[in-house]
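The following note concerns the pockets of the structure shown below. It is intended for a colleague who has not examined the structure before.

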Amino acid sequence: MRGLAISAHGGLERLEYRTDLPVPPLASDTDVRVRVRAAALNHLDLFVLAGMPGVTIAPPWIMGADATGVIDDVGPAVASVRRGDRVVVNPGLSDRTCEYCLAGEQSLCVRFRLLGEHHPGTFAEYVVVPATNVRTVPDEVPDDVAAAFTLATLTAWRMIVTRARVRPGEEVLIQGIGGGVAIAVLQICRQIGARVWATSRSDEKLERARSLGADETINVATHDVAREVRARTNRRGVDVVIDSIGAATWSTSLGALGRGGRLVTCGATSGPILETDARRLFWNQWTIMGSTMGSDAEFDAVVAQLREGHLRPPVDRVYPLADGRSAFERLRDAAQFGKIVIAI
């Protein structure tokens, strides 16, 4: 089968368009094989390409986490889907037996893994996953939108609905608008009725954010985010900050956060080591939360939104599989607004 793979970590030169990859067999009675129609990039793919501590690959390693496609084969114990069903894939794999899984918190599984990082990914004609990791979607949802949906929207839903518990009227600051998670956060906050702030170095991206409903925008190249938020809120600050950037934005995220505020992080694209003044933390009674992917119940909730026509992600560009390196280049350069998709 065709696919986009790597045989060693490094830069974009390591990406290989292959036509000789084996079609993966079902590994268990509860697995399904998906004939992939489209897959989407995430920053995770850049991290896997470069190499991550504790993560090893077996070449040729198929990249990619997000996907949509059609069920090609099912194990004998699968009753939830059948051949020909159109589905989206949840990239988060859990063992279904640990205490967290049994409590309905699959993303806290002690053996939690991700497609493309710990298990062969979705940038290929076929991928095999447990049946619990797919949900059916209607034909009216375009392939590129369906492919772009799962990881970013599931991550954003858990951050906003489950972790931060954002309420109508609250002020939410999103650091670095343009990527899939940030845009999904904006869309979910608008549904809830929160007031949304967005930051970027690009005036074009900020304009796009306003078109999606952002109430306040700040260009970080020309303004100090924390000071600007304080000035526009009469020194109060915001209720919630969503920060997936890490080291480069951490101090301004805390500087913009009001008393009793909540900061939720799901990533560290600019670096993982953070400094926090503990005196400010306890004096302002902040809550700092991590968040990763989501549970089965949250997966059901976001897919229901997709089926009903809500929370559909904007797609930046679609590339053919053979031109996958160009897709990675656009992601690396942070040139996108919305999701970058690979048509397979």
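1. In this note, strands are DSSP runs of E with at least two residues, numbered from the N terminus. On that basis, the strand β9 gives five residues to the lining of the second largest pocket, the largest share of that lining. The model under discussion is a predicted one.

2. The largest pocket encloses about 1300 Å³ of space. Its lining consists of 48 residues, and those closest to the centre are His-43, Ser-244, Ile-245, Ala-268 and Thr-269.

3. Several elements each supply at least two residues to the lining of the largest pocket: the helices α1 (43-50), α3 (143-163), α4 (180-192) and α10 (324-332), together with the strands β12 (195-200) and β18 (339-343). The largest share comes from α1, with four residues.

4. As to chemical class, the lining of the largest pocket comprises 21 nonpolar residues, 21 polar residues and six charged ones.

5. For the second largest pocket, the volume is about 470 Å³. There are 29 lining residues, and Pro-24, His-119, Pro-120, Val-128 and Val-129 are the ones nearest the centre of this pocket. Two or more residues of the lining are given by β4 (61-62) and by β9 (126-130).

6. Which classes of residue make up the lining of the second largest pocket? Nonpolar residues number 19, while six residues are polar and four are charged.

Notes
Residues numbered from 1 in each chain as written. Predicted model: local features only at pLDDT ≥ 70, side-chain atom pairs only at ≥ 80, totals over all residues. Heavy atoms only, no water. 1 Å grid on protein atoms, 1.4 Å probe; cavity = no way out; pocket = protein on both sides within 12 Å on 5 of 7 lines; lining within 4 Å. Points joined across faces, edges and corners; volume = space filled by probe spheres on them. Nonpolar A, V, L, I, M, F, W, Y, C, P; charged D, E, K, R; others polar.
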